[in-house]
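Biologist: I have the sequence and the structure open side by side, and I'd like a close look at one part of it. Could you pick a tryptophan in a loop and walk me through what surrounds it, then set it in the wider chain?

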Amino acid sequence: MTAVTGPAQTPAQTESPGTLRIGRMRVRLSIWLPLAIFAVTRVYAFVVITLAAAQQVALPSPDHPGIYQFTAHPASPGYLGLITNWDGQWYERIATLGYHLPVAGASGAKDTLWTYAFQPVFPTAVGAMMAVTGLSFAVCVTVLNLAAGAAAMIVMFALLERTAGRFVAGAAVLLTCCFVAAPLFQAAYSESFSLLLVCTVLLLVARRRYAWAVAAVVLLSLTRLVTPPLAVVVIVHAGLRFRNRANDPIRRGEALWMAVLALVSAVSVSFWSTITSVITSGVKATGASRGNVSDAVTVGRFGWFTNAYEHLGWIGVLGVAILVILFAGLALSPLTRTWGVEVRTWLAIYPIFLLFVGGVHTGMFRYLLLAFPLGLLMVGSPPPGSVPRKRAALVVIVSLIGLGLQIPWVSHALVVTQLAGKPWLP
């Protein structure tokens with residue numbers, strides 16, 4: 001029997017919808033769309049930061065003796081000066097001088113010891129680029145964070161597109177890039193690196209690349225102390241695989257790597273604190289008591305529960321407990337059914353983790369950058385391939401509001417002014 005074939009398809013006809021052609025190069029929508037969103041919002045943040053820099057006072061300043069300054073900045077230091085404020089000054093010190101132990105009795109011993117409170121992956125990467133290129137800290141941190149942030153958006157899009165479709169994936173990227181604290185993606189903070197590693201771990205787990213996920217978790221543990229929630233993600237993922245093992249058998253190697261991944265995710269939060277405790281154990285007599293290094297690199301105690309009890313008593317504790325139940329309920333609800341078990345679990349467990357380990361302060365906006373599924377609650381789980389107009393309009397409106405809120409956030413959180421009393425924490 002002769003097979004009946006249709007007309008031969010041209011390369012243009014076989015391209016996936018949304019493919020962008022640049023000369024002979026074809027770029028898939030899953031790459032160019034998140035990159036375009038990230039680029040446009042970073043240009044907007046550049047303008048906001050540049051204009052806000054005019055309010056900055058000269059640093060160091062006698063009016064702000066508690067603000068650490070590694071490099072002196074004049075008043076109105078411009079864009080590159082403003083993005084290196086606050087923790088950026090500690091990162092600049094580490095990128096420039098590295099980690100070392102103070103000499104007993106030397107001036108600045110407290111500051112030297114305090115550098116160990118900052119995880120090494122981010123400042124070490126910046127320092128390596130400075131050494132290779134000879135460029136300044138501000139330029140290198142800008143290049144690396146923009147690259148890491150752009151990669152994070154591509155991975156985030158891929159993570160959600162695989163089960164929820166392009167609309168949900170695009171909404172996640174847009175809402176994240178327009179979040180109030182999103183200007184930190186181009187500042188001297190580790191947010192871009194952290195988000196990239198979190199999304200990478202979630203995608204690797206979803207694709208069952210457990211060994212690679214272990215390596216990513218270790219890198220994340222040396223970037224930000226947010227790995228324990230990933231242990232819960234792995235346990236839930238493994239539990240569902242075990243429940244469906246009749247239709248989807250689990251190989252011995254997979255079972256072993258899932259166990260290793262869960263264990264590493266749970267205990268890696270103490271990797272850096274253990275290293276620093278060993279390194280600094282013999283220098284505690286130097287008077288470097290600005291704060292115990294191990295305290296600075298381990299999680300807090302009861303977080304919001306403690307704050308709520310101190311201010312509102314047991315009613316406050318009950319309110320925070322209701323939040324915990326709410327997050328768990330949202331992860332199990334039909335509202336999130338197409339997001340994939342890994343994203344759904346992260347939606348619940350990461351905010352719950354913050355409630356237990358973080359206090360109530362303005363720095364929470366920065367921590368919430370990693371809670372990217374929260375914004376998707378307004379989107380829900382429309383059928384993959386559909387674009388619900390009302391939800392799309394809501395995403396655009398909320399994104400525009402977020403961009404507007406970035407203006408006061410940058411002015412209050414990044415800028416140091418003479419009028420600042422107790423400053424916001426970026």
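**A tryptophan in a loop, and its surroundings**

Modeller: Happy to, and let's start with the whole chain. Residues 24 or more positions apart make up 73% of the contacts in the chain with a separation of 6 or more. Keep in mind that this is a predicted model. The chain has 19 helices and two strands, and 48% of its 426 residues count as buried.

Now for your residue. Tryptophan 339 sits in the loop between H16 and helix H17 (341-357). Is tryptophan 339 buried or exposed? It counts as buried, because its relative accessibility is 0% and the cut-off for buried is under 20%.

So what is tryptophan 339 in contact with, leaving aside its neighbours within four places in sequence? From the earlier part of the numbering come Leu160, Thr163, Ala164 and Val168. Then there are Arg344 and Leu347, followed by Pro373, Leu376, Leu377, Gly380 and Ser381. Two of these partners deserve a second look. Alanine 164 lies 175 residues from tryptophan 339 along the chain, yet their C-alpha atoms are separated by 5.3 Å. With serine 381, the tryptophan 339 side chain makes a polar contact of 3.5 Å, side chain to side chain.

Let's step back to the helix before that loop. H16 covers residues 314-332, and its partner H15 covers residues 303-312. In general, two packed helices are described by the angle between their axes and the distance between the axes. Here the axes come within 6 Å and cross at roughly 150°, and the crossing is right-handed. On the H15 side, the residues that meet H16 are Trp304, Phe305, Ala308, Tyr309 and Leu312. They meet Trp314, Ile315, Gly316, Val317, Val320, Ala321 and Val324 in H16. By class, that makes 11 nonpolar residues, one polar and no charged ones.

On the other side of the loop, Glu342 brings in another distant part of the chain: Glu342 and Arg162 are in contact with alanine 206, leaving aside neighbours within four places in sequence. Alanine 206 belongs to helix H9 (residues 191-206). It counts as buried because its relative accessibility is 10%. The C-alpha atoms of alanine 206 and valine 343 are separated by 9.1 Å, with their positions 137 residues apart along the chain.

For another loop residue, try asparagine 85, found between helix H3 (78-82) and helix H4 (87-97). Asparagine 85 counts as buried too, because its relative accessibility is 1%. Beyond four places in sequence, its contacts are Gln56, Leu59, His73, Tyr189, Leu414, Val415 and Val416.

The helix after asparagine 85, H4, is largely enclosed by the rest of the structure, because eight of its 11 residues are buried. They are Gly88, Gln89, Trp90, Tyr91, Glu92, Arg93, Ile94 and Ala95. What do they pack against? Helix H5 (109-114), helix H6 (121-133) and helix H7 (137-164). After H4 comes glycine 98, with a positive phi near 75°.

One last item, in case you're wondering about cysteines. Cysteine 140 counts as buried because its relative accessibility is 0%, and cysteine 199 is buried with a relative accessible area of 0%. The disulfide count comes to zero.

Notes: Residues numbered from 1 in each chain as written. Predicted model: local features only at pLDDT ≥ 70, side-chain atom pairs only at ≥ 80, totals over all residues. Heavy atoms only, no water. Axes fitted to C-alpha atoms, helices over the stretch in contact; angles between N-to-C directions. Helix = DSSP H or I, 4+ residues; strand = E, 2+ residues; numbered from the N terminus. Left-handed = near helix turned anticlockwise from the far one by under 90°. Contact = heavy atoms within 4.5 Å. Nonpolar A, V, L, I, M, F, W, Y, C, P; charged D, E, K, R; others polar. Buried < 20%, exposed > 50% of the residue type's maximum accessible area, 1.4 Å probe, protein only. Polar contact = N/O pair within 3.5 Å; in protein donor to acceptor, adjacent residues only side chain to side chain. Disulfide = S-S within 2.5 Å.
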